[in-house]
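Visitor: Hi! I'd like to walk through this model with you. Could you show it to me before I start asking?

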Amino acid sequence: MRAAGLLHFARVFFMSNRSLITTQRSFVLYRVQVSFPRKPFSCRAKFDSEIDGSANIKVVSPALLTAEKEEAKAVLTLFLKKQGLSNAIAARTINKSDLFIDHLVLRLHLIHKSRYLVGRELTTLEIRDALNPYLESLFEEHGTHLVHAVENFPNPPIKEKIATRAPVSNSTIDTKKLRAISRVSEKGPTGKLRPQILYLIEHGLNLDQIKEITRRFPAFAYYSLEGKIKPVIEFFLDLGVPKSDIPVILNKRPQLCGISLTENLKPTMTFLENLGVDKKKWAKVIYRFPAVLTYSKQKVETTTSFLYEMGLSEESVGKVLTRCPNIISYSVEEKLRPTAKYFHSLGVDVAVLLYRSPQTFGLSIEANLKPVTQFFLERGYSMEDVGTMISRYGALYTFSLADNLVPKWDFFLTMGYSKLELIKFPQYFGYSLEGRIKPRYAIMKKSQVMLLLNQLLTLSESDFIETVKKKVNKLLPKN
C-alpha cells in the first residue's frame, strides 16, 4: 500500500494531468501535502534524515520539469557508467526508469523546496550534488542489483529472479530525446525559431550543431535564454573568449549553460585562481577544457594534493592548471599515480615531467607509454637513455609510432648522426619531417657542411642560412 501510494503521487506530481493545468499553458500550478513511508526500499539510507516528508510547491513550468528530468537522467547515466556499465546498457536502463527519474526529480523538489517557492531554478551542479550522494547510498544498499531496483521502482527488487530476466532489446527508442531534438527546430507563432536558438545561431552555432549537442545532452534544449544561456555566453565574452570559440566551448560542455554564474561559475574560478590559475588566461583555459568549471572543489583538491605530493611548488601547480586544466579530469589513483610510478621506474624526475608535459599523464600506460619505450629499447637505447630522453622532452610519448616516430627514425638513420644525438636532442621528433627536417637537411647536405642536430632544427630560417654560410666559408681556402 505504501509503495502504491508513492507511485500514485509520483504519477499525479509529474504526469500531464489536465486537472492541474491552468488556462495559462506555460505553467502547472499545484499545491501538495504528502507524507512519505518511513522506509521505502530505495530511500532507506538518506531519505528520512534529509527530507521532512512534505512538499509545498507553488509554481513549476512544464519546460523546467522536462529539463530537470533530463538533468536527472544525465546524473544517473554517469553514475551507472561509473559503476562499470556500458553506454548501451546505461541508456537502456534510463529508458526503462521513468518512474525512478520522476522520483529523483521529486527528491530535488523536496530538498530544495524553498528555491521553488521563490521561483529559482536549480543549477546543474546543485542537481548533481543533491542526487549523487543519494545514488551512492542506493548502490551501497542494492549493490549489483541496483539496475533492477531502478528499472522496477517503486517495487522492491526480487533478487532471485534477476538472473533469469530477459535481455532488453537494443531497438528501444528514446522518444524524450527525440522530442528534445525536435524542439530545436520548433517555430513560434511568428514563424521564427525560438529566441534561444536564434541567439545560439547568432553566436556561431548552426542548427545541426545545436541538435547534436541536444542529442548528447537533451536538457540543453530546455535551457532558458535570459536565465541560463545568455548570461553564461556574455560572461565568457567579457572574459575575452573570442566569439568564434563559443561553438567549440558549448559543444565540449553544454552543461555550462545550466550552471549559476554567481553561485557556481564565479566561485569556482576564484577557487582556481587561489590555486594559481592565471586570471588573465581564463579565455584560453576555458577553450582548452571548459569542463574545468564544472568539477567540485573536492575533485580539484584531490588533484592538486597529488601534484604537491609529487614535489611541485604552488607556483608550478598554478602553471600546470593553467596550461593543462584537463589534468583535473584524470583519476589520481587510476591514472596519475600509476603513470608517475611508471615514469619513476625509468628514472624520470616526475615533478619536472609533470611541470613540462602534464598531458603525458593522460596517456594509457599499456597502449601508449610501454610501446614507445619498447620502440627505443629495440633500437639499442637503454632504459636510462629513454628516461633521459623523456626528461628532456616530455611530449615524446604523445607522438604516434606509425605516423611520427617510425618515419622520423628511418630518416634519421640516413642523416649521418650518431644515435647519441637523439638522447641529447629528442625534440627532433617534434619537428615536421616534410616541412622542416628534410628541407634543412637537404640544404646542409648540398652545402657539404655538418651542423649539430639541434642547430639544424631550432635556428630561425635566417640564422640557419647564416650559420650554414659561415660553415661553408671556413671550408674555403684562404688567400
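Visitor: Thanks! Let's jump right in: is Leu-396 buried or exposed?

Guide: Leu-396 is buried, because its relative accessible area is 1%. Buried means under 20% relative accessible area, exposed means over 50%, and partly exposed is in between (1.4 Å probe, protein chains only). Before we go on: this is a predicted model, where local features need pLDDT of at least 70, side-chain atom pairs count only at pLDDT 80 or more, and totals for chains, interfaces and linings use all residues. Residues are numbered from 1 along each chain as its sequence is written, and side-chain values use heavy atoms, with hydrogens and water left out.

Visitor: Good to know. Where is Leu-396 found, and which residues is Leu-396 in contact with?

Guide: Leu-396 is in the loop between helix H22 (383-392) and helix H23 (401-412). Helices here are DSSP runs of H or I with at least four residues, strands are runs of E with at least two, and both are numbered from the N terminus. Setting aside neighbours within four places in sequence, Leu-396 is in contact with Phe-376, Met-389, Ile-390, Leu-405, Pro-426 and Phe-429. Contact means heavy atoms within 4.5 Å. Pro-426 is 30 residues from Leu-396 in sequence, with 7.4 Å between their C-alpha atoms.

Visitor: I see some Phe names there. Which residues do ring pairs link into a cluster?

Guide: The cluster is made of Phe-375, Phe-376, Tyr-381, Trp-409, Phe-412, Tyr-417, Tyr-428 and Phe-429. Rings of Phe, Tyr and Trp (its six-membered ring) pair if their centres lie within 6.5 Å; planes under 30 degrees apart count as stacked, over 60 as edge-to-face and the rest as tilted. The structure holds 20 aromatic pairs.

Visitor: And which charged residue lies over the face of Tyr-381?

Guide: That is Lys-419, at 5.6 Å from the ring centre. A charge sits over a ring if NZ of Lys or CZ of Arg is within 6 Å of the ring centre and within 35 degrees of the ring normal. Lys-252 also has its charged end over a ring, that of Tyr-287, 5.0 Å from the centre.

Visitor: What about Glu-421: buried or exposed?

Guide: Glu-421 has a relative accessible area of 14%, so it counts as buried. Glu-421 belongs to helix H24 (residues 420-424). Beyond four places in sequence, Glu-421 touches Phe-412 and Leu-453.

Visitor: How does Glu-314 count, buried or exposed?

Guide: Glu-314 is exposed, because its relative accessible area is 63%. Glu-314 is part of helix H18 (residues 314-323) and touches Leu-275 and Tyr-308, not counting residues up to four places away.

Visitor: And Glu-301?

Guide: Glu-301 sits in helix H17 and counts as partly exposed because its relative accessibility is 41%. The C-alpha atoms of Glu-301 and Leu-275 are 9.2 Å apart, with their positions 26 residues apart in sequence.

Visitor: Switching topic: how much space lies in the largest pocket?

Guide: About 1900 Å³. A pocket is an open set of points on a 1 Å grid over the protein atoms alone, where a 1.4 Å probe fits, with protein on both sides within 12 Å along at least five of seven lines; lining residues have an atom within 4 Å of a point. Grid points are joined across faces, edges and corners, and the volume is the space filled by probe spheres set on the points. Of the 48 lining residues, Ala-74, Val-75, Thr-77, Leu-78 and Phe-79 are the closest to the centre.

Visitor: Which helix gives the most to that lining?

Guide: H3 does, with ten residues.

Visitor: Any odd backbone spots?

Guide: The peptide bond from Phe-153 to Pro-154 is cis, with omega near 10 degrees. Pro-154 is in the loop between helix H8 (146-151) and helix H9 (159-162). Gln-448 has a positive phi of about 60 degrees although it is not a glycine. Most residues other than glycine have a negative phi, and most peptide bonds are trans.

Visitor: Last one: where does pLDDT stay under 50?

Guide: Over residues 1-58, for which the model has 102 contacts beyond four places in sequence. The pLDDT is also below 50 over residues 159-173. pLDDT is the predictor's confidence in each residue, from 0 to 100. The chain averages 82, and 80% of the residues score at least 70.
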